[in-house]
Amino acid sequence: MYKIQKICCIGAGYVGGPTMSVIAQKNPHIQVTVVDVNQQRINAWNSQNMDELPIYEPGLGEIVSQVRGRNLFFDTDVDRAIEEADMIFISVNTPTKTYGKGKGMAADLKYIELCARQIARVSKSSKIVVEKSTLPVRTAQAIKRILDQTGNGVEFQILSNPEFLAEGTAIKDLLEPDRVLIGGAETERGNEAIEALASLYRAWVPSDRILATNVWSSELSKLTANAFLAQRVSSINAISELCEVSGANVNEVARAIGTDTRIGNRFLKASVGFGGSCFQKDILNLVYIAQSYGLDEVAQYWEQVIIMNDHQKKRFSEKIVTTLFNTVSDKKIAFLGWAFKKDTNDTRESAAIYIANELIEEQASVHVYDPKVTQMQMLADLDYLNVRSCDINSERLIAHQEAYSAIEGAHAIAVLTEWDEFVCLDWKRIYQQMQKPAFVFDGRGILDQKELENIGFEVYTIGIG
Ligand SMILES: NC(=O)C1=CN([C@@H]2O[C@H](COP(=O)(O)OP(=O)(O)OC[C@H]3O[C@@H](n4cnc5c(N)ncnc54)[C@H](O)[C@@H]3O)[C@@H](O)[C@H]2O)C=CC1
Ligand SMILES: O=C(O)[C@H]1O[C@H](OP(=O)(O)OP(=O)(O)OC[C@H]2O[C@@H](n3ccc(=O)[nH]c3=O)[C@H](O)[C@@H]2O)[C@H](O)[C@@H](O)[C@@H]1O
């Protein structure tokens, strides 16, 4: 049987940091060390000021301040943490490949392989290696081969334990998970390893929510879960366009279908398109895997979810241009929100980036207020698209510290993130500050369209015909 006293997590990102904080909080007898090659990130995790943690998540600061220095440590000494640990979580990034075979589709597993080689080189005692990152089905096989063939003859058990937390609600999702999934080898030692990991979770998760499967089912379930979730968003977004031309209201349709318990009422909010670091990357990965097995119809089926999402973003920016008399050249367009959803500072793949880019192509001036995103981050996101020079981007995109200055003198407002504070703005004051006609494009369906129209705004809400 395994006795777990020390665990280590490679990768102090959006998943590694919060996940290990909760595991440490709930297992005070276990020492948890989170390591990363990024010194700046580790420094931020060790910051005394909880506002300086590298990621913003409601409730995270409280847990970190409670357990850091007690049984939770953040460090850059990866070798030492691996050597001392009985169980090692790999929680590094697995972005879409940007080069070579599978470019733009497959998951780039170079960081995973580096971790496997490092674990093999450093380990002098048997370890349980846990895949926390989202990985293509059968990656565990590759990790196992590297560990066994380049290691020091010690035993490795590989588990798959995908993470299902969503950003903005990470702590809540970790404290009350719908399920914890653990895939392991169907052998006696495999079962013992599953049990060792399950026992960490049982410190707070009811046993019937801890599911054990074989490794391949676990790996594939993660990609499938994200594909199904994203598919729901694309499905309701497809219907939103139909609502707009037919006079239906997408919120009413969502409510009507969501009351059918077989469909369920969550994840039916029409939007400007899903963002985030994972939905697109994981579906592309699924499509690539299906293609590599020659399953073309399966690949095409899932690819449509991405095609629909791109269309939703594109039609939103086009709607702004056509409504503003077919030109936004030198017009001020105010963006409320830049993060890919509320309650996070994460901007990866945020719809706002693509919409800003399209509007800047049309020579608009985009003025953004987001309570958690810095101008530096916004510009980095835009520059990353590599469409025009950084100088032009910084001339055309201006961040503001508060909403009213972003909006002052604007021709139009686009709501790109559903931050609660946007609903409570003084919309009468805003109306007075704007050019007329004063347009509002609500890409999140959070504002009261009738109330705004009564003030005098011309309002477009996604999915309302
Ligand atoms: N962000 C999210 O909400 C979720 C992400 N996931 C998955 O979890 C994985 C990690 O995602 P995030 O935490 O968002 O990524 P992230 O990019 O925020 O963090 C990854 C960290 O790993 C570090 N790293 C990379 N290679 C390393 C190495 N060889 N040694 C030490 N550190 C190394 C990087 O410096 C970085 O700080 C991905 O596979 C992702 O698909 C799963 C569920 C939710
Ligand atoms: O693997 C991951 O990274 C994670 O991806 C998603 O979590 P996340 O991307 O953090 O956030 P979501 O709440 O899923 O939202 C994703 C995007 O879809 C959009 N969305 C979501 C729901 C909805 O009804 N409508 C909608 O447009 C959101 O605004 C956001 O842009 C999944 O929900 C998590 O279970 C998963 O662990």
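**Ligand sites and an interdomain pocket**

In this predicted model, ligand 1 is surrounded by 25 residues, of which D36, R41, T94, E167 and K281 are the closest, a residue being counted when one of its heavy atoms lies within 4 Å of the molecule. As the model is predicted, local features need pLDDT of at least 70 and side-chain atom pairs count only at pLDDT 80 or more, while totals for chains, interfaces and linings use all residues. Residues are numbered from 1 along each chain as its sequence is written, chains are lettered from A and ligands numbered from 1 in the order in which they are written, and side-chain values use heavy atoms, with hydrogens and water left out.

Polar contacts (pairs of N or O atoms within 3.5 Å) to ligand 1 include those from its oxygen atoms to a side-chain N or O atom of T94 at 2.6 Å and to a side-chain N or O atom of K281 at 2.6 Å, as well as one to a polar backbone atom of Y14 at 3.0 Å. Taken alone, ligand 1 exposes 840 Å², and the protein buries 92% of that, with accessible areas taken from the Shrake-Rupley method with a 1.4 Å probe. Because domain 1 (6–205) and domain 2 (215–465) both give residues to the shell around ligand 1, this ligand lies between them; the domain bounds come from an automatic or database domain assignment.

Around ligand 2 there are 20 residues, with F164, L165, S271, C278 and R444 coming nearest. Helix 9 (residues 215–246) gives the most to this shell, with four residues, helices being DSSP runs of H or I with at least four residues. An oxygen atom of ligand 2 is 2.8 Å from a side-chain N or O atom of K222, and an oxygen atom of ligand 2 is likewise 2.8 Å from a side-chain N or O atom of K341. Of the 700 Å² of accessible area that ligand 2 has on its own, the protein covers 89%. Ligand 2 also lies between domain 1 (6–205) and domain 2 (215–465), because both give residues to its shell.

The lining of the second largest pocket includes P136, R138, T139, Y288 and Y293. Helix 6 (139–150) and helix 11 (279–292) each supply at least two residues of this lining, and helix 11 gives the most, with three residues. Both domain 1 (6–205) and domain 2 (215–465) give residues to the lining, so the second largest pocket lies between them. A pocket is here an open set of points on a 1 Å grid over the protein atoms alone, where a 1.4 Å probe fits, with protein on both sides within 12 Å along at least five of seven lines, and lining residues have an atom within 4 Å of a point.

Terms used. Polar contact = N/O pair within 3.5 Å; in protein donor to acceptor, adjacent residues only side chain to side chain.
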